[in-house]
Every structure is written in C-alpha cells, then in structure tokens.
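Here's a quick tour of a protein model, built for someone just getting started. Take a look at the sequence and the 3D view, then read on.

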Amino acid sequence: PRVSVRTLVVVGEKDRPYLASARELEQAIPGAELRVIPGGRHLWPKDHVEDFASMLTEWVSGSSSASG
C-alpha cells in the first residue's frame, strides 16, 4: 500500500531505537516531513502534551514546514 496523504513523522532525539526507522519512513513516504524533537524521548508526546498539540496544530494548518 502507498501513503497518499500528507504525513508527519515525529521522533525524539533520544529515542535511539526509532531514529533510523523514522528516517526510513520519511524517505519511503512521498512528501513526508520528519520532526526530530531535541532532547525528546519515546514518550515525549505524552509528557509534553501542550507542546505536541501546538506542533500538530501548526503542521495541520501548514504554518510550519521546518524540520526539527
């Protein structure tokens, strides 16, 4: 199956087991955007709900396209 929708891949910088997989997803999905969260660990979205929600809101609205 092919992903044909806008895609955001999020991974924490310190979530080392998943960094390579996140980069592979970015490359495999046309137009995917990778965000590596500085200092982030695996549960970063759960531990930083407001920051994660803000990031998603910006991404969905298209107001930010910068990685990192």
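**An aromatic pair**

Phe52 has a relative accessible area of 23%, so it lands in the partly exposed class, because buried would need a value under 20%. Keep in mind that this is a predicted model. With that said, let's see who Phe52 pairs up with, and then move on to the strands and the core.

- The count of aromatic pairs comes to one.
- That pair is Trp44 with Phe52, and the arrangement is edge-to-face.
- Two numbers are used to describe any such pair: how far apart the ring centres are, and the angle between the planes.
- Here the centres are 6.0 Å apart and the planes sit at 90°.
- Trp44 has a relative accessibility of 13%, so it counts as buried.

**Helix α3**

- How far should the 13 residues of α3 span at 1.5 Å a residue? The expected figure for residues 49-61 is 18 Å, and the C-alpha atoms at the two ends are indeed 18 Å apart, so the two agree.
- Right after α3 comes Gly62, which has a positive phi of about 80°.

**Two strands and a helix**

- β1, α1 and β2 together build a β-α-β unit, and it's right-handed.
- β1 and β2 run parallel, joined by five bridges.
- Want to find some partners in the view? Leu8 is bridged to Glu33 of β2, while Gly12 stands opposite Ile37 of β2.

**How covered are the strands?**

- In β1, four of the five residues are buried, so call this strand mostly covered.
- In β2, five of the five residues are buried, so the rest of the structure largely encloses this strand.
- In a regular strand, side chains alternate between the two faces of the sheet.
- For β2, one side carries Glu33, Arg35 and Ile37, the other carries Leu34 and Val36, and all of these are buried.

**The nonpolar core**

- Which residues make up the largest nonpolar core? There are six: Val9, Val11, Leu19, Ala22, Leu34 and Val36.
- β1 (8-12), α1 (16-28) and β2 (33-37) each chip in at least two residues of this core.
- Val9 is a handy one to click on: skipping neighbours within four places in sequence, Val9 is in contact with Ala22, Leu25, Glu26, Glu33, Leu34 and Arg35.

Key: Residues are numbered from 1 along each chain as its sequence is written. This is a predicted model: local features need pLDDT of at least 70, side-chain atom pairs count only at pLDDT 80 or more; totals for chains, interfaces and linings use all residues. Side-chain values use heavy atoms; hydrogens and water are left out. A nonpolar core is a set of buried Ala, Val, Leu, Ile, Met, Phe, Trp, Tyr and Cys residues joined through side-chain atoms within 4.5 Å. Buried means under 20% relative accessible area, exposed over 50%, partly exposed in between (1.4 Å probe, protein chains only). Contact means heavy atoms within 4.5 Å. Two strands pair if DSSP finds at least two bridges between them. A crossover is right-handed if, with the strands pointing away from the viewer, the path from the first strand over the helix to the second runs clockwise. The expected span of a helix is 1.5 Å times one less than its number of residues. Rings of Phe, Tyr and Trp (its six-membered ring) pair if their centres lie within 6.5 Å; planes under 30 degrees apart count as stacked, over 60 as edge-to-face and the rest as tilted.
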